[in-house]
Amino acid sequence: MRGRGHVKSRRELAAMREPGRITALALEAVQAAIRPGVTPLELDAIAEGVIRAHGAVPNFQLEPGYEHTLCVGVNDVVVHGIPDERPLEAGDLVTVDCGATIGGFHGDAAITVVLPGGDPERTAARQRLSDVTEGALWAGIAALASAKQLGEVGAAVEDHIEANSDFGISDDYIGHGIGRAMHEDPPVFNYRTRVAGPAVKPGLCVAIEPIIHAGSTETTIDDDGWTVRSADGSDACQWEHSVAVHSGGIWVLTALDGGAAGLAPFGIAPAPIADR
Ligand code: MG
Ligand code: MG
């Protein structure tokens, strides 16, 4: 369900900080714990513990029919992987998508981790897929900092993928506005579209989330009704941040440094959101 997106007031922008920060802390804890032998369900419990310890609620649990804190996509899983008891293995490509809600607002972010070991060539190829996808995310965020219209974000994501790889960009799964609902208007495409999209101005909050395939972008859905896999069994991954545009600039809500490290190569410094 897509809530109605709207231009957020200064007070609402300030309220977007905490769910983003807690989402980032949960993913930081996942990052610290992930290794071969750990199960996605164990990571799920770690993330839920962090979110609840901060008084927030895992917002994925608010989706009808979904009872977990994370989606964990291993290797050929594109999105919506349900955490299970299968231990992660050396060389696995693991996307962890997480969100939290507190104070009536939402955060949403995803990281990808390639576990060390495994077949060296395969592991290196997976790391490259993750690196190019993460690079595309930051190219999109950097574009948002100076964009007049939201379509410039998708163009920057597409340009980064095309300049650095022959990977495929999913057009089934895209980013979204975020605020009082996890999924709001406007849609945030990961490629050029015929429409330029809404104006980028203070009060816009979006989740930018390139989902990139090493092979074909065709997908299938498992019998569980959730798990989306690449039809040809090739690897896919996702990186995601929730980002706010405000009068002082942009702030990456789901990065603990506001995006300073990721934006530095673009010569952009994030601007903290004022208290009100
Ligand atoms: Mg997400
Ligand atoms: Mg999202």
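Here is a short conversation about a predicted model with magnesium ions and aromatic pairs.

User: What makes D97, D108 and E240 donors of the magnesium ion (ligand 1)?

Analyst: Good place to start! Their oxygen atoms lie 2.1 to 2.6 Å from the ion. A donor has to be within 2.8 Å of the metal, so these atoms qualify. D97 appears twice in the list of donors. Along the chain, the spacing reads D-x10-D-x131-E.

User: Which residue coordinates both magnesium ions, ligand 1 and ligand 2?

Analyst: That is D108, and the two ions are 3.2 Å apart. D108 sits in strand β5, residues 105–114, while E240 is in the loop between β13 and β14. These two residues are 132 residues apart, so the pair links distant parts of the chain.

User: Why do D108 and E240 count as buried?

Analyst: Buried means under 20% relative accessible area. D108 is at 2%, so it counts as buried. E240 is at 1%, so the word fits here too.

User: How do you know whether V153 is buried or exposed?

Analyst: Use the cut-off again: under 20% is buried and over 50% is exposed. V153 has 0% relative accessibility, so it is buried. You will find V153 in helix α5, residues 151–164. Leaving aside residues up to four places away in sequence, V153 touches G140, A143, L144, V188 and I208. Each of those contacts has heavy atoms within 4.5 Å.

User: How many aromatic pairs are there in the whole structure?

Analyst: A search finds two. One of them is formed by the rings of Y66 and W226.

User: Why is the pair of Y66 and W226 called edge-to-face?

Analyst: Their ring centres are 4.9 Å apart, and rings pair if the centres lie within 6.5 Å. The planes meet at 65 degrees, and over 60 counts as edge-to-face, so the name follows. Y66 lies in the loop between β1 and β2, and W226 in the loop between β11 and β12, 160 residues apart. With 6% relative accessible area, Y66 is buried, whereas W226 is partly exposed at 26%.

User: What makes the pair of F189 and Y191 tilted?

Analyst: Here the planes are 50 degrees apart and the centres 5.7 Å apart. Under 30 degrees would be stacked and over 60 edge-to-face, so this pair is tilted.

User: And why is F189 called partly exposed?

Analyst: F189 has a relative accessible area of 27%. That value falls between the 20% and 50% cut-offs, so F189 is partly exposed.

Note on methods:
Residues numbered from 1 in each chain as written. Chains lettered and ligands numbered in written order. Predicted model: local features only at pLDDT ≥ 70, side-chain atom pairs only at ≥ 80, totals over all residues. Heavy atoms only, no water. Helix = DSSP H or I, 4+ residues; strand = E, 2+ residues; numbered from the N terminus. Buried < 20%, exposed > 50% of the residue type's maximum accessible area, 1.4 Å probe, protein only. Phe/Tyr/Trp six-rings, centres within 6.5 Å; stacked < 30°, edge-to-face > 60°.
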